[in-house]
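Thanks, everyone. Let me put the model up, and then we'll walk through it.

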Amino acid sequence: MRIVPWNLISTWHCTRCGICCRKYDVVLKLPEWLNIVKAFGVEYTAASISKFLLRRRADGSCVFLHWTPNVFLCSLQRTKPKACKLWPFKVLDKPGYGSVNDAEYHYGHRRLFVYVDPMCPGLRYGVPKPEFVYSVIPEFIEIALGVRHKQFKTTANL
Ligand code: SF4
Ligand code: SF4
């Protein structure tokens with residue numbers, strides 16, 4: 001599926017469906033890998049030729065994913081890797097996919113380009129709602145830029 005510019009999205013809300021934690025590898029930055037190894041052990045991680053990853057179970061799910069009676073939950077929560085915090089958004093400093101105008105987002109003096117992965121069922125298409133534009137997207141941008149670590153709008157309320 002094609003990556004979509006933010007301006008085609010009305011709202012986004014995580015439904016805790018767990019798809020993103022069962023279908024994809026999570027790439028770790030070196031400090032993230034070190035923190036997970038220290039806290040849980042190296043067996044909670046995996047490695048490819050050039051990347052550190054979170055280990056996945058035989059069914060493909062992340063080792064930190066847990067199923068409660070109704071929803072999937074991440075047992076790392078606030079210490080989850082940046083790649084998990086950013087999903088399903090991508091924040092780029094150059095246009096990457098589709099219409100440039102629909103992806104452009106001005107954050108302070110910065111011109112950024114924001115996209116979403118349509119695999120996430122939490123997306124609703126349509127005219128962007130103010131909360132999405134002025135609260136949700138800026139929080140994803142701040143996480144991408146490394147100026148924010150805590151999540152409020154960019155994850156499910158647990
Ligand atoms: S971010 Fe999207 S794919 Fe991941 S759990 Fe939430 S709704 Fe599901
Ligand atoms: S660390 Fe948490 S959010 Fe990331 S893939 Fe694993 S369960 Fe999902």
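Where is C62 found? Look at the loop between strand 5 (52–54) and strand 6 (65–67). Keep in mind that this is a predicted model.

Next point on that residue. Is C62 buried or exposed? C62 counts as buried, because 27 C-beta neighbours lie inside 10 Å, and the cut-off for buried is 20 or more. Leaving out residues up to four places away in sequence, C62 touches C21, V26, L54 and R56. Now take C62 together with C74. They sit 12 residues apart in sequence. In space, C-alpha to C-alpha, the separation is 8.9 Å.

Both cysteines bring us to ligand 2. Its surroundings are C21, V26, L54, C62, F64, L65, C74, L76, K80 and C84. By class, that shell has 9 nonpolar residues, no polar ones and 1 charged.

On to ligand 1. Which residues surround it? There is a run of C14, T15, R16, C17, G18, I19 and C20, then W87 and P88, then C120, P121 and G122. The class split here is 8 nonpolar, 3 polar and 1 charged.

Now the cores. As a general point, nonpolar side chains in soluble globular proteins tend to be buried together. In this model, the largest nonpolar core has 17 residues. Touching the most other members are W6, V91, V114, Y115, V116 and F140. Strand 2, strand 8, strand 10 and helix 5 each give two or more residues to this core. A second, separate core has 13 residues, including C21, W33, L65 and W87. C21 and L65 are also among the residues around ligand 2, while W87 belongs to the surroundings of ligand 1.

Back to V116 for a moment. Not counting residues up to four places away in sequence, V116 touches V4, W6, I9, W12, P88, F89 and L123.

Last stop, helix 5. It covers residues 130–145, 16 in number. From first C-alpha to last it reaches 22 Å, close to the 22 Å expected. Where is the kink? At I137, shortly before the proline P138, with a bend of about 25 degrees.

Which residues of helix 5 are buried? V136, I137, F140, I141 and A144. The spacing fits a general rule: an α-helix has 3.6 residues a turn, so residues three or four places apart point the same way. The buried residues of helix 5 pack against strand 2 (9–12), helix 3 (82–86), strand 8 (89–92), strand 9 (104–107) and strand 10 (110–116). Just after the helix, G146 takes a positive phi of about 80 degrees.

That's the tour. Over to you.

Key: Residues numbered from 1 in each chain as written. Chains lettered and ligands numbered in written order. Predicted model: local features only at pLDDT ≥ 70, side-chain atom pairs only at ≥ 80, totals over all residues. Helix = DSSP H or I, 4+ residues; strand = E, 2+ residues; numbered from the N terminus. Expected span 1.5 Å × (residues − 1). Bend = angle between axes of the 7 residues up to and from the residue. Buried ≥ 20, exposed ≤ 12 C-beta atoms within 10 Å, placed from the backbone. Contact = placed C-beta atoms within 7 Å. Near = placed C-beta within 6 Å. Nonpolar A, V, L, I, M, F, W, Y, C, P; charged D, E, K, R; others polar. Core = buried A, V, L, I, M, F, W, Y, C linked by C-beta atoms within 7 Å.
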